Amino acid sequence: MKLRPLVGAIVSFTYNHVIGHVPSSLVRQVFLRAYLGRLGSGTGIQMRCRFLNGRRISFGDRNVINFGCLLDGRKFNIVTGSDVSIGPEATVLTLGHDPHSPTFEDRGGDVIIGDRVWIGFRAIVLPGVTIGEGAVVAAGAVVTRNVEPFTIVAGVPAKPMGRRRVDLTYQLNYQPWLA
């Protein structure tokens, strides 16, 4: 029996079912610094977020990951830039199944999220997608294809609805102690 996958499963279970429910961002942050691929400076992760293989998930600086998000790093990577806001209960997937495969074969890919991206409430980002700098994904959107920088997308599947200004300079700073 291989010990490494077992340890990874135990660590994942411990965060997802115990630590992730502790109402102290400091406690969660200490655990996540050891568990995730990278946790950038000033990044806050709220309660009840779930991570599947956190070693493949890397957050840039000053990200806000709102409550109840699911980030799936089982076989591929999730990498965010800086000042990314991921809305409550959003899902980022890196793995799925090929519906045309007679053997229900896995398929997937890395998800790359650029600087100053804003992903809305309950949006879903599917495997292999890159979301360009400054883009906005509307609440409830399902992103099946790459999103160009500074593009606003909405719908199922997500389609361009507009453009965002390109002179963004904000830096996120939201780290409540009890969240």
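**Hairpin, core and salt bridges**

In this predicted model, β18 and β19 make a hairpin with four residues between them, and Gly 155 in the turn has a positive phi of about 100°.

Student: Okay, so in what sense do β18 and β19 pair, parallel or antiparallel?
Tutor: Take β18 (residues 151-154) and β19 (residues 159-163). Ala 154 stands opposite Lys 159 in β19. There are four bridges between the two strands, and the sense is antiparallel.

Student: And which residue in β18 is the bridge partner of Val 137?
Tutor: Here we look at β16 (residues 136-137), which pairs with β18 in the parallel sense over two bridges. For Val 137, the bridge partner in β18 is Val 153.

Student: Switching to the largest nonpolar core, how many residues does it have?
Tutor: Nonpolar side chains tend to be buried together in soluble globular proteins. Leu 36 is among the residues with the most contacts inside this core. Elements giving two or more residues to the core are α2 (25-35), β4 (57-59) and β12 (111-113). The residue count for the core is 34.

Student: Is Thr 80 buried or exposed?
Tutor: Thr 80 sits in strand β7 (residues 78-80). Its contacts, leaving aside neighbours within four places in sequence, are Ser 58, Phe 59, Gly 60, Asn 63 and Ile 113. The relative accessible area is 6% and the cut-off for buried is under 20%, so Thr 80 is buried.

Student: Which side chain makes a polar contact with the side chain of Thr 80?
Tutor: Asn 63 already shows up among the contacts of Thr 80. The two side chains come to 2.6 Å in a polar contact, so to speak a handshake between Thr 80 and Asn 63.

Student: How many residues apart are the salt-bridge partners Arg 38 and Asp 61?
Tutor: Their closest N and O atoms are 3.2 Å apart. Arg 38 is partly exposed at 41% relative accessible area, and Asp 61 is partly exposed at 21%. Arg 38 belongs to strand β1 (residues 38-39) and Asp 61 to the loop between β4 and β5 (64-65), which puts them 23 residues apart.

Student: Which residues are linked with Asp 83 in a network of salt bridges?
Tutor: Start with Asp 83 and Arg 62, whose closest N and O atoms are 2.9 Å apart. Asp 83 is buried at 1% relative accessible area, whereas Arg 62 is partly exposed at 22%. The residues linked with Asp 83 in the network are Arg 62 and Arg 116.

Definitions and conventions. Residues are numbered from 1 along each chain as its sequence is written. This is a predicted model: local features need pLDDT of at least 70, side-chain atom pairs count only at pLDDT 80 or more; totals for chains, interfaces and linings use all residues. Side-chain values use heavy atoms; hydrogens and water are left out. A nonpolar core is a set of buried Ala, Val, Leu, Ile, Met, Phe, Trp, Tyr and Cys residues joined through side-chain atoms within 4.5 Å. Buried means under 20% relative accessible area, exposed over 50%, partly exposed in between (1.4 Å probe, protein chains only). Two strands pair if DSSP finds at least two bridges between them. A polar contact is a pair of N or O atoms within 3.5 Å; within protein, one must be able to donate a hydrogen and the other to accept it, and residues adjacent in sequence count only if both atoms are side-chain atoms. Contact means heavy atoms within 4.5 Å. A salt bridge is a side-chain nitrogen of Lys or Arg within 4 Å of a carboxyl oxygen of Asp or Glu.
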